[in-house]
Amino acid sequence: MPILPNRLKRTAIASVIGLALALNSGLTAAQEATPDDKGLETITVTAQKRAQNLQEVPVAVTAFTGEAMAEAVIKDVYDLQTNVPGLGAFQSQSATNSSFSIRGVGTSSQNFGLESSVGLYVDGVYRARQNSMINNLVDIAAVEVLRGPQGTLFGKNTPSGAILLSTVAPSHGGGDGFVEATVGNYGLVNLSGAMSISAIDDVLAFRVTGFSSNRDGTISDVNFGEDVLNDRDRFGGRIQALYTPSEDISVRVIADYAEIDEICCGAPVQLSNFQANEIPGKFGTDAILPTLGGTVFEGGNAFYDREVAVSFLPVATMKDRGISAELDWELDENYTFVSISAFRSFDSYDNIDSDFTDADLFGTSNDSEQSSFSQEFRLDYTSDDLNFILGAYYFTQDLDLDYSLYTDSIFEGFALGVLGQTVDGLTGAAGSFDGLLAGIDGLASAGLIAPRAAAAPAGTGFDHVAEQEHKSYAVFGQFDYKLNDQFTLTAGLRFTKEEKDLLTVFTEVGPGINGLAGNTPVDLVSALTVAGGIAAGAIDLTTAEGQAALGAFQGFSEAGWAFPLLGDTTRPRSNIQESLSDDQISGTLKLSYQPDTDTLLYASYGNGYKSGGTNTDRIAATFNPIFDAETSQSFELGIKKDFREHDLRVNAAAHYTTVDDFQANTFTGNGFNLQNAGDYEISGMELEATWLPMDTVEVHFGYALVKAEYKTFEAGNCWTAYTWHTGIDDPGRVNPTDGFCDRSGDRPGGEPENYAVLSVKKDFDIGDSIYAYIQGEYSYTGDIILDGSNDPYAVQGSYNIMNLRLFMNFTDYDMDVILWGRNVLDEEYINRTNFNTPLQEGKLNAYMAEPATYGITVKKRF
């Protein structure tokens, strides 16, 4: 549990102590400056479940105090990633779809059957759903980002790293209360406040925290007006009690509640399929949209007009709530017993116009409920030469998902147009599909076959209900043994057992439809052949053979006959009922060498584990709905060095990780393909440096190199948009008839190879009572592959972001005023992901990053 410092009085030197390393080298929970430090202070972290000097911890850690985050105007985890090399955090189709990665290893949020590769902890409590972490960061004591597997210290998944948030605890002394207000462009209004109440001196204290955040959107809609999508509408609160009946016992109870209700997320057209780029005369669904009343966007540079057209505004709501209790009992001077118990509940609902047009075609809704209980027991031992932790962990979760893809009023006309394009493209005979339908209607009028039924009626729902019961058990331990004054050996071991019971029920219900599995399959090629034979007089309908040929038209008389022809998301499939049971032993081994107080070198090995599960999406029956556990092995070499005579600190780490059975999830345009990709390899390094060239100047630099590729991925997704526009097939397709492609050697989506950030801060005084500084932050992000198929059209070029701020502390009023701007140069770029537009082959949409934002923040302490 972090040790929290008393707030420092705002002077120039106190601000150096409070902000040095705030952007890249890890200012965290407790600090202590000594006269000979010359600005390089001791930074205390709890990355190994006890208070340690960051420079003596053989782990790559970046950390921040809540005060430093507030001054940097870091509002949420998305802002935090700017300052943490190797951390990725982004949203996709709604606020309920948020993803985190560390060192190129992350987890898609698009499937509820997946667990996070990044362990997410708030006050020691594991957060099972990634999207529960995206709300505003208010009244935070510290944030620590740990890179690499951490399983021997944490009870749940941490195969690629962990994010640890700790909130400010109740206090008796006062002085830690505050009110804060922020206003900015796009109508931003953030309000927050907190205060502690001492009920019984030194025995019982309470703390109350509250916040709200409101902002207009940053993307406009041609029908609904300006700045309506990607808004902010959030609020929450936290109530705590801290009971310390003696010096040896501490009990902290935390109850929290937070809500998000936003119009998210806008995805403008990146690439239109009105006409193929390289194939004259080939037209796509954008050529159909105007006939259905839809708006067509040209894509390309127009993508950055920040404008979309949808039939209805998306809805994204989340409710996150829970209660936890932590007991810390110092049994004697060496042993401490820790118990952390928690109940949590997380509900999310999103309803989006998933055709991403303003034609009334189709939408999707996700309604999920998750409840969990966790219990951790831990025995901590500390002495001069030996420290160890022994722990046991239990986690249980019930997850319920109600999903629906539903058709809207003009979907049938759209579906027939798509099928017409497909058939005409195959036969080269324009109008042949329309001719087929006219021929069927003629045969029906003559009484030779049953009348043609609705092909894809409006109001049809392709639904599934998924239920998962999950239990996880773990025992873990880690020790540090000081071999001598210079060498320390660290070793840890963890045993995990996972049990899951999974049930998914699929249904198709609509006008005249009660399931499609019993329908007669429609073979368009056979139907075209028979229709052509009849028209040419080659088939004599008066004969038995001719009558039999009419069987090719039988399926057209059953409602919904076109749905299975449109892709996996509108095909019937069998229910899933499975039980999974798996166990794993993982561990870590580290050797640290500290030749002097200013130098640490270390080498470490660790392996991570993440359990398997079930694909909760409607996928092709040829794909296995069960995916296996994912395991990783990681090697790291690191150095942490202070050059005190130069006021310079350099922390660096080189790493190499292999992931077996990587759980990859990619959208194909007709559904998400979730499977074990095979072997995944990541190598790279991180560098974090702080330099104080003079008393009033601080320079921070951070860099991350992440070289990631699939070593083996033989059944991945194929190019879609590029092939449609150029006719060039994916070279990874081994056989022409394969519906999958070999992605071995390709980069994963969403991860830049290079990331760097440089920050320069200049302190100055305004009179005797105002301390101030100006700070500029410049970051570079290298090119990013935006999807899992490595489609040549799915590449985001490198981009640069500039953030600026002016901070002023009014000592007499104990008040801060911050003028700030983020992305002040208004750099335009795609936010790490694009996708093949559903049921509109050759078309791409993508999610936009935020534009330039600026504002003023005022914080008053009391």
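The legends below describe an overall view and several close-up views of a predicted model.

**Figure 1. Overall view of the chain and its dimensions.**
The chain has 862 residues, and a compact globule of that length would have a radius of gyration near 29 Å; the chain has 29 Å, which agrees. The C-alpha trace spans about 105 × 55 × 50 Å along its principal axes. The secondary structure comprises 8 helices and 46 strands. Of the 862 residues, 59% count as buried. Contacts between residues at least 6 apart in sequence join residues at least 24 apart in 71% of cases. The exposed area is about 32,200 Å², and carbon and sulfur atoms supply 56% of it. There are 53 positive and 118 negative charges, and the mean positions of the two sets are 6 Å apart.

**Figure 2. Strand β6 and its pairing with β5 and β7.**
Strand β6 covers residues 98–102, and 5 of its 5 residues are buried, so the strand is largely enclosed by the rest of the structure. In a regular strand the side chains alternate between the two faces of the sheet. In β6, Ser 98, Phe 100 and Ile 102 point one way, while Ser 99 and Ser 101 point the other way. Residues of both groups are buried. Strand β5 (residues 87–91) pairs with β6 in the antiparallel sense over 5 bridges. Opposite Ser 98 of β6 stands Gln 91. The pairing of β6 with strand β7 (residues 105–106) is also antiparallel and has 2 bridges. Here Ser 101 has Gly 106 in β7 as its bridge partner. The hairpin formed by β6 and β7 has 2 residues between the strands, and Arg 103 in the turn has a positive phi of about 55°.

**Figure 3. The open sheet of 5 strands that contains β8 and β9.**
The strand order is β4-β10-β11-β8-β9, with mixed pairing. At the edges stand β4 (60–65) and β9 (125–126); each has a single partner strand, so one side of each is left without a neighbour in the sheet. Strand β8 (residues 118–122) is antiparallel to β9, and 2 bridges join them. Val 122 is placed opposite Val 125 of β9. The loop between β8 and β9 holds Asp 123. Asp 123 is not a glycine, yet its phi is positive, at about 50°. With a relative accessible area of 12%, Asp 123 is buried, because the cut-off is under 20%.

**Figure 4. The open sheet of 3 strands formed by β16, β15 and β20.**
The strands lie in the order β16-β15-β20, and the pairing is mixed. The edge strands β16 (225–229) and β20 (307–308) each pair on one side only. Strand β15 (residues 219–221) and β20 run parallel and are joined by 2 bridges. Ser 220 has Glu 307 in β20 as its bridge partner.

**Figure 5. Backbone geometry at Val 73 and at the peptide bond from Cys 264 to Cys 265.**
Most residues other than glycine have a negative phi, and most peptide bonds are trans. Val 73 is not a glycine but has a positive phi of about 55°. Val 73 is located in the loop between α2 (66–71) and α3 (77–80). The relative accessibility of Val 73 is 7%, so Val 73 counts as buried. The peptide bond from Cys 264 to Cys 265 is cis, and its omega is near 15°. Cys 265 belongs to the loop between β18 (249–262) and β19 (269–271).

**Figure 6. Surroundings of Phe 479 in strand β25.**
Phe 479 is part of strand β25, which covers residues 461–482. Its relative accessibility is 31%, so Phe 479 counts as partly exposed. Neighbours within four places in sequence aside, Phe 479 contacts Leu 386, Asn 387, Phe 388, Leu 489, Thr 490 and Ala 491. One of these residues, Leu 489, is 10 residues from Phe 479 along the chain, and their C-alpha atoms are separated by 8.1 Å.

**Figure 7. Surroundings of Leu 806 in strand β42.**
Strand β42 (residues 799–810) contains Leu 806. Leu 806 has a relative accessibility of 24% and therefore counts as partly exposed. Residues up to four places away in sequence are not counted among its contacts, which are Phe 764, Tyr 773, Ile 774, Val 817, Ile 818 and Leu 819. Phe 356 is 450 residues from Leu 806 along the chain, and 40 Å separates their C-alpha atoms.

Key: Residues numbered from 1 in each chain as written. Predicted model: local features only at pLDDT ≥ 70, side-chain atom pairs only at ≥ 80, totals over all residues. Heavy atoms only, no water. Buried < 20%, exposed > 50% of the residue type's maximum accessible area, 1.4 Å probe, protein only. Helix = DSSP H or I, 4+ residues; strand = E, 2+ residues; numbered from the N terminus. Pairing = 2+ DSSP bridges. Rg over C-alpha atoms; globule rule 2.2 N^0.38 Å. Contact = heavy atoms within 4.5 Å. Areas by Shrake-Rupley, 256 points an atom, 1.4 Å probe, with all protein chains shown as cover. Lys, Arg positive; Asp, Glu negative; His and termini not counted. Charge placed at Lys NZ, Arg CZ, Asp CG, Glu CD.
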